[in-house]
Amino acid sequence: MRNCSSITLAGSVLLIAPAVNADIADVQSVIESEDWQTIKTFWSIADRVKPPADMFGYSSSLTMGKGYLLQTAVDSLFLENEIDNPELRQAVYLIKRITYMRIVRLTTLNPSLITRMAPPWTEIVQDNLLFNFEQRITTLSDLVESGEISAVEFAAARDTLMEKAETWAMLEILQEVQTYRNYDYDARQPEIVNADLILERLDLSYRAALDTLSKAKLSENAEFFQVVVEQHEQFLERYDEFVEAKPVLRILLMDLIDPETMQ
């Protein structure tokens, strides 16, 4: 029943576009599961933790001991063989990764700082996105709890948060396929938080590598450029799968970023 048009979230009915490839009954089953309620509890905890003052610090409101227990618990939820549909399975996996990393960032120093080498720009962008996400979702949670924002204002704020989470998830897929880490972009620029800009940056690197490989005399770095090409093509395959899973991911994010849960 893939074209079923609605699903119940937090006591309300959400209309679903036919583009959702997962069986709506399967999505509903995930949302009603005990594992999903546990994830919602962890999100609620993270929403209420005061985030660090800047992306180089860490919150003192969630102890490392409690954070480690929560991380271990997240890993034990929704084991891969429990979900058959590939789009739903990927969406749930990405929610688990976001949940896990939210807890990590609220209990420890920025992971990208625990290294002697500068991290690749993709990792810096992820860190920026997650830090900004934590700042915004804490503010939104406070405004919802105090009744200071309207339903329209909440919807606009939630859309922004979901876009950041989706962009973070796209970069998580990129990190998984990267053999060669890309350092050739100044990711400190605040405007590179948009998925289209990131895809454009990746395409530029890909085309430059193809152009280099097409030269009559290959440089001594030909192997390096071949890796760039191969990993980008692998990413594009994974990205197509991600696009298929995005409608389901958005449904799950809407259930997590819910005013009833935040109150």
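**Close-up 1. A single cavity in the predicted model.** This predicted model holds one cavity of 30 Å³ or more. Its volume comes to about 30 Å³. Helix H5 (121-146) and helix H6 (151-177) are the elements that each give two or more residues to the lining.

**Close-up 2. The residues around the cavity.** Have a look at who lines the space: Ile 98, Leu 129, Leu 130, Phe 133, Lys 164, Ala 165 and Trp 168. By type, six of the lining residues are nonpolar, none is polar and one is charged.

**Close-up 3. Helix H7 from end to end.** Helix H7 runs over residues 195-213, 19 residues in total. From the first C-alpha of H7 to the last is 27 Å, close to the 27 Å expected at 1.5 Å a residue.

**Close-up 4. The two faces of H7.** Which residues of H7 are buried? They are Ile 198, Leu 199, Arg 201, Leu 202, Ser 205, Tyr 206 and Ala 209. These residues lie on the same side of H7 because they cover an arc of only 160° around the axis. An α-helix has 3.6 residues a turn, so residues three or four places apart point the same way. On the face turned away from the buried side of H7, you will find the exposed residues Asp 196 and Arg 207.

**Close-up 5. The packing partners of H7.** Here the view moves to the neighbours of the buried side. The buried residues of H7 pack against three helices: H5, H6 and H8, the last spanning residues 222-256. H5 and H6 will be familiar from the cavity, as both give two or more residues to its lining.

Methods:
Residues numbered from 1 in each chain as written. Predicted model: local features only at pLDDT ≥ 70, side-chain atom pairs only at ≥ 80, totals over all residues. Heavy atoms only, no water. 1 Å grid on protein atoms, 1.4 Å probe; cavity = no way out; pocket = protein on both sides within 12 Å on 5 of 7 lines; lining within 4 Å. Points joined across faces, edges and corners; volume = space filled by probe spheres on them. Helix = DSSP H or I, 4+ residues; strand = E, 2+ residues; numbered from the N terminus. Nonpolar A, V, L, I, M, F, W, Y, C, P; charged D, E, K, R; others polar. Expected span 1.5 Å × (residues − 1). Buried < 20%, exposed > 50% of the residue type's maximum accessible area, 1.4 Å probe, protein only. Arc of directions from axis to C-beta. Contact = heavy atoms within 4.5 Å.
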